[in-house]
Amino acid sequence: MAAPAILGVKAWANYNSAGSGASTTVTNTGTTVSGRGLLALIGGQATNNTPSFDDSKGNTWTKIASLQNGTDAAAMYLCGNPANVGTSHSFTVNWTDGYSSVAVLELDQAVALDNSSTATDAGTPWDSTLTTLSADCLVVTSTTVYATSGSWALAASGWTWYGQLPVAGDASDWDIGLLHKTSATATANAISMTGTDVDGGTAHHLIMASLKAAGGSGSAITPAAGAATT
């Protein structure tokens, strides 16, 4: 089966713009399509790494990775095959004193989790590794940093820089940087990032995840559910 691909950002928010406040962040609305997985990248200032995340359509989301470093935290949630889609679809983070930023990505097909890992690296180059368990995976690296310098970018050999999320150019907010690649075989995927307009001494929270086409074989990890909540 073909490796999944990112179609684009479906919805986003941060507390400096579309967000609703310190503890609750609600995205703008978009139109979602049946058979396309959804991946949420979250970062912020919180005393725990377990934000509550849901959407306006009542889908089930699975936290596939999270980490915390002092009062900074990050998380990644997956809805691999949403049961409920359509217009006016929004997404909400509830996180005590979270000052959260969130970006929801739409994938080109239904997906399942292959593997994930987390790390916090204090200075450039920011390094981490994820070993895929299956062939033909989309590997994503989400790095969260409190940015005060507006637009920034990251680079890593063999990886594609997707962009700064949610809003390039917003200063003094939690930003999420995303890089991705396709892994054709089950193998170790190392990343070593450098950046522009980001303080080299700033700690970056790195969450890596590999996603495979739903129904693919080779993983012992339970796929994320897409059934509606009640």
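Where is the place of Ser 88? Ser 88 sits in the loop between strand 6 and strand 7 of this predicted model, and its phi is positive, about 55°, although the residue is not a glycine. The briefing below takes up such backbone features together with the nonpolar cores, the salt bridges, the aromatic pairs, strand 10 and the loop that follows strand 10.

**Backbone features**

- Most residues other than glycine have a negative phi, and most peptide bonds are trans.
- Like Ser 88, which has a positive phi, Asp 97 is a non-glycine residue with a positive phi, in this case of about 50°.
- Asp 97 is placed in the loop between strand 7 and strand 8, and with a relative accessible area of 48% it is partly exposed.
- The peptide bond that leads from Thr 124 to Pro 125 is cis, with omega near -5°, and Pro 125 belongs to the loop between strand 9 and strand 10.

**Strand 10 and its pairing**

- The side chains of strand 10 alternate, in that Trp 126, Ser 128 and Leu 130 point to one face and are buried, whereas Asp 127, Thr 129 and Thr 131 point to the other face and are not buried.
- Strand 10 pairs with strand 15 (residues 188–196) in the antiparallel sense, over 6 bridges, and within this pairing Asp 127 has Ser 192 of strand 15 as its bridge partner.

**The loop after strand 10**

- Thr 132 lies in the loop between strand 10 (126–131) and strand 11 (137–147), and Ser 134 is found in the loop between strand 10 and strand 11 as well.
- Thr 132 has a relative accessible area of 2% and Ser 134 one of 4%; because the cut-off for buried is under 20%, Thr 132 is buried and Ser 134 counts as buried too.
- A polar atom of the Thr 132 side chain lies 3.1 Å from the backbone oxygen of Thr 185, while the side chain of Ser 134 makes a polar contact of 2.8 Å with the side chain of Asp 114.
- Not counting residues up to four places away in sequence, Thr 132 touches a set of residues that includes Asp 114, Cys 137, Ser 183, Thr 185 and Ser 210.

**Nonpolar cores**

- The largest nonpolar core has 22 residues, and of these Leu 39, Leu 41, Met 76 and Val 140 touch the most other members.
- Among the elements that give two or more residues to this core are strand 3 (38–45), strand 6 (72–79), strand 11 and strand 16 (204–213).
- Val 140, leaving aside its neighbours within four places in sequence, is in contact with residues including Leu 39, Met 76, Trp 159, Leu 178 and Ile 207.
- Another core, of 17 residues, lies apart from the largest one and has Ile 42, Ala 46, Tyr 77 and Val 104 among its members.

**Salt bridges**

- The count of salt bridges comes to 2, and Glu 106 takes part in one with Lys 10, where the closest N and O atoms are 3.6 Å apart.
- Glu 106 lies in strand 8 and Lys 10 in strand 1 (residues 6–14), so this pair ties together parts that are 96 residues apart in sequence; both Glu 106 and Lys 10 are buried.
- Arg 36 and Glu 106 also meet through their side chains in a salt bridge, at 3.4 Å from N to O, and since Arg 36 lies in the loop between strand 2 (24–26) and strand 3 while Glu 106 is in strand 8, the pair ties together parts 70 residues apart in sequence.
- Arg 36 counts as partly exposed at 29% relative accessibility, whereas Glu 106, at 5%, counts as buried.
- Through shared partners, the salt bridges join Lys 10, Arg 36 and Glu 106 into one network.

**Aromatic pairs**

- The structure holds 5 aromatic pairs, and in one of them the rings of Phe 53 and Trp 61 have their centres 4.8 Å apart and their planes at 85°, so the pair is edge-to-face.
- Phe 53 counts as buried at 8% relative accessibility, and Trp 61 is buried with a relative accessible area of 11%.
- The rings of Trp 61 and Phe 91 have their centres 5.9 Å apart and their planes at 90°, so this pair is likewise edge-to-face.
- The pair of Trp 61 and Phe 91 links distant parts of the chain, with Trp 61 in the loop between strand 4 (52–55) and strand 5 and Phe 91 in strand 7 (residues 91–94), 30 residues apart.
- Phe 53, Trp 61, Tyr 77 and Phe 91 form one aromatic cluster.

Terms used:
Residues numbered from 1 in each chain as written. Predicted model: local features only at pLDDT ≥ 70, side-chain atom pairs only at ≥ 80, totals over all residues. Heavy atoms only, no water. Helix = DSSP H or I, 4+ residues; strand = E, 2+ residues; numbered from the N terminus. Buried < 20%, exposed > 50% of the residue type's maximum accessible area, 1.4 Å probe, protein only. Polar contact = N/O pair within 3.5 Å; in protein donor to acceptor, adjacent residues only side chain to side chain. Contact = heavy atoms within 4.5 Å. Core = buried A, V, L, I, M, F, W, Y, C linked by side-chain atoms within 4.5 Å. Salt bridge = Lys/Arg side-chain N within 4 Å of Asp/Glu carboxyl O. Pairing = 2+ DSSP bridges. Phe/Tyr/Trp six-rings, centres within 6.5 Å; stacked < 30°, edge-to-face > 60°.
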